[in-house]
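Student: Before we label anything, I would like to see the model and hear how each label is justified.
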Amino acid sequence: RLQHDREATRGDAERVVRAEMRNNPELRRCPGGVADSIAAAKRVMFLSNLQLFVQFLSTLIPIPQ
């Protein structure tokens, strides 16, 4: 990671979608384009954070076996 890196926000994704649509003659976004990549990265980050949260909870709340 670079020092100035940050997570993409919903606003970032919306701006990318608008730019893709603006630069497409049919005013459509590009399947598999940058906007799709940002959305996929956000999903992966969400699932990763959720998994970490579940692991953290499991250390606090013992699960009977």
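Tutor: We will go through the labels one at a time, setting each value against its definition.

Tutor: This is a predicted model, in which local features need pLDDT of at least 70, side-chain atom pairs count only at pLDDT 80 or more, and totals for chains, interfaces and linings use all residues. Residues are numbered from 1 along each chain as its sequence is written, and side-chain values use heavy atoms, with hydrogens and water left out.

Student: How many helices and strands does the chain have?

Tutor: The chain has two helices and zero strands. Helices (H or I, at least four residues) and strands (E, at least two) are DSSP runs, numbered from the N terminus.

Student: What makes the pair Arg15 and Asp12 a salt bridge?

Tutor: A salt bridge needs a side-chain nitrogen of Lys or Arg within 4 Å of a carboxyl oxygen of Asp or Glu. The side chains of Arg15 and Asp12 meet at 2.6 Å, N to O, so the pair satisfies the definition. The count by this rule is one salt bridge.

Student: Where do Arg15 and Asp12 lie?

Tutor: Both are in helix 1 (residues 10-22), three residues apart, about one turn of the helix.

Student: Why is Asp12 called buried?

Tutor: Buried means under 20% relative accessible area, exposed over 50%, and partly exposed in between (1.4 Å probe, protein chains only). Asp12 has 13% relative accessibility, so Asp12 counts as buried. Arg15, at 46%, therefore counts as partly exposed. Buried residues make up 11% of the 65 residues in the chain.

Student: Which residues does Asp12 contact, leaving aside its neighbours within four places in sequence?

Tutor: Those residues are Arg6 and Glu7, where contact means heavy atoms within 4.5 Å.

Student: Why is Leu50 called partly exposed?

Tutor: Leu50 has 39% relative accessibility, so Leu50 counts as partly exposed. Leu50 lies in helix 2 (residues 34-60).

Student: How much area does the chain expose?

Tutor: The chain exposes about 5,900 Å², with carbon and sulfur atoms supplying 62% of it. Accessible areas come from the Shrake-Rupley method with a 1.4 Å probe; for residues, only the protein chains shown count as cover.
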